[in-house]
Amino acid sequence: MKETIIKKIRVKKIRADLFMPFAISSGSHERLENILFEVELKSGIKGFGEAAIANHVTGETQNLTFNNLKRIGVWLEGKDIADYFNIFVFAERKLDKNRSALAAVEMAVLDALTKSLNIPLWKFYGNKCAEIKSDITLVIGGEKNNYSFIRKMAARGFNVFKIKVGVDFDKDINRVVSISRITGGAGIYLDANCAYDAETAFKFIKTLEKHKVVPLVFEQPTAKEDFAGLKFLTGKLKMPVCADESVSSVEDAFKIIKNGYANAINIKLMKFGLMRSREIYNLAKIKNIKLMMGEMLESSLSSLCAAHFAGGLGGFDFIDLDTPFFIKDKIMNSGAIIKRSGIYEINKVKKGIGVKPI
Ligand SMILES: [Mg+2]
């Protein structure tokens with residue numbers, strides 16, 4: 001299968017302005033600054049991958065990721081993507097500490113492979129093609145604007161709001177209660193991004209309950225390494241406690257599941273790479289752990305890739321793939337697949353991921 005041999009690699013920094021800064025309790029993104037990774041096959045087919053850099057979460061930088069992708073690109077030229085599994089094994093050995101770069105390589109290779117096979121990426125993962133409808137995140141800060149933003153997003157069809165909390169207890173309670181009222185009881189995901197200790201997190205939920213607000217999931221209430229705190233909350237709270245920052249490898253996922261530290265896991269392609277994400281999916285499914293499909297600050301390229309992953313495998317409980325809706329500049333063309341209401345119509349993709357960089 002000579003046609004599937006990689007002829008050329010291209011690595012490019014990409015940048016886009018946002019409608020508003022993407023602020024969480026641990027830091028903020030002012031703009032998107034990611035890397036585009038392209039593989040071109042002998043057949044002329046091109047596959048695209050994205051490395052999303054979240055320095056305040058993973059410590060990765062755009063320059064380091066760019067250089068690593070350049071280096072692995074040299075090795076990739078001449079390789080046959082039909083041997084994708086061995087390519088991924090080698091890539092992981094080289095990019096173990098730069099997971100977003102690994103994800104970009106795997107994404108580009110699978111995009112090219114599924115285009116060569118004439119199938120959409122979701123079919124590579126399974127035959128379910130579950131509907132993918134994302135929540136929309138309410139970042140920290142800009143309170144007044146937030147309320148008009150919520151009304152606008154609810155009018156567009158979003159019916160689950162992910163609220164970032166963890167800066168000011170009382171203000172956060174007021175925000176969450178107001179948001180619940182404004183949206184007429186829309187679904188709420190809470191994400192504290194490591195901000196609380198177990199006791200404060202418990203009090204936070206109990207205070208919300210007094211106001212008759214019960215979130216659907218509570219993401220990363222405690223510090224990354226505070227497993228005792230996570231476990232306490234998992235045992236006490238009605239809603240699933242979802243580990244995000246606490247899980248950055250298969251080993252972490254295994255530890256969380258085995259010890260019952262949390263009963264949900266947030267899978268992000270940028271934390272694990274695509275191959276390892278699927279392993280975590282398997283581990284979680286076997287033990288009835290709930291799953292969120294999440295992302296870093298990603299363009300429609302890797303967001304749509306994540307939608308294929310979740311839609312093809314099926315069985316995700318929470319979908320948090322909303323960052324394309326925060327990007328002002330048009331840097332990717334995904335046709336009409338991603339709807340303004342947060343729905344990813346992956347069933348309409350003919351082959352590959354279905355995104356072309358502009
Ligand atoms: Mg999170």
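## Strands 9 and 10

In this predicted model, strand 9 and strand 10 run parallel to each other and are paired over two bridges. Within that pairing, Ala243 has Ile265 of strand 10 as its bridge partner. The connection between the two strands passes through helix 10, and strand 9, helix 10 and strand 10 together make a right-handed β-α-β unit.

Strand 10, which covers residues 264–268, is mostly covered, with five of its five residues buried. In a regular strand the side chains alternate between the two faces of the sheet. Both faces of strand 10 are covered, since Ala264, Asn266 and Lys268 on one side are buried, as are Ile265 and Ile267 on the other.

## From strand 10 to strand 12

On to strand 11 (residues 290–294), strand 10 is joined by five bridges, and the two strands run parallel. Ile265 has Leu291 as its bridge partner in strand 11, while Asn266 stands opposite Met292 of that strand. Strand 11 is mostly covered as well, four of its five residues being buried. Helix 12 (residues 274–286) lies across strand 10 and strand 11, and runs at about 165 degrees to strand 10.

Strand 11 is in turn joined by two bridges to strand 12 (residues 318–319), and these strands also run parallel. Here the bridge partner of Met292 in strand 12 is Phe318, so that Met292 is a point at which the description of one pairing passes into the next, given that Asn266 stands opposite Met292 too. Strand 11, helix 13 (residues 300–313) and strand 12 form a right-handed β-α-β unit.

## The eight-stranded sheet

These pairings belong to an open sheet of eight strands, whose order is 5-6-7-8-9-10-11-12 and whose pairing is parallel. Strand 5 (136–138) and strand 12 are the edge strands, each of them pairing on one side only. Elsewhere in the sheet, strand 7 (residues 187–191) is joined to strand 8 by three bridges, and the two run parallel. In this pairing Asp191 stands opposite Glu219 of strand 8.

## The magnesium site

Which residues coordinate the magnesium ion? The ion is coordinated by Asp191 and Asp244 through OD atoms and by Glu219 through OE, at 2.1 to 2.4 Å. Along the chain, these donors follow the spacing D-x27-E-x24-D. Glu219 lies in strand 8 (residues 217–219), whereas Asp244 lies in the loop between strand 9 (241–243) and helix 10 (250–259), so the pair ties together parts that are 25 residues apart in sequence.

Glu219 and Asp244 are both buried. Asp191, which is also one of the coordinating residues, stands opposite Glu219 in the pairing with strand 8.

## The three-stranded sheet and helix 4

A further open sheet consists of three strands in the order 1-2-3, with antiparallel pairing. Its edge strands are strand 1 (6–24) and strand 3 (46–51), each of which pairs on one side only. From one strand to the next, the twist averages 20 degrees. Strand 1 and strand 2 (residues 27–41) run antiparallel and are joined by 14 bridges, and within this pairing Ala16 stands opposite Leu32 in strand 2.

Helix 4 (residues 99–116) packs on this sheet, where it touches strand 2 and strand 3, and its direction makes about 155 degrees with that of strand 3. Helix 4 has 18 residues and reaches 25 Å from its first C-alpha to its last, which is close to the 26 Å expected at 1.5 Å a residue. Because 17 of the 18 residues of helix 4 are buried, the helix is largely enclosed by the rest of the structure. Asn118, which follows helix 4, has a positive phi, near 65 degrees.

## Arg156 in helix 6

Arg156 is found in helix 6 (residues 143–156). Is Arg156 buried or partly exposed? With a relative accessible area of 22%, Arg156 is partly exposed, given that buried means under 20%. Leaving aside the neighbours within four places in sequence, Arg156 is in contact with Phe325, Arg340 and Ser341. Arg156 and Phe232, by comparison, are 76 residues apart in sequence and lie 38 Å apart in space, C-alpha to C-alpha.

Methods. Residues numbered from 1 in each chain as written. Predicted model: local features only at pLDDT ≥ 70, side-chain atom pairs only at ≥ 80, totals over all residues. Heavy atoms only, no water. Donors = N, O, S within 2.8 Å, 3.2 Å for Na, K, Ca; no water. Buried < 20%, exposed > 50% of the residue type's maximum accessible area, 1.4 Å probe, protein only. Pairing = 2+ DSSP bridges. Right-handed = clockwise from strand over helix to strand, strands pointing away. Axes fitted to C-alpha atoms, helices over the stretch in contact; angles between N-to-C directions. Contact = heavy atoms within 4.5 Å. Expected span 1.5 Å × (residues − 1).
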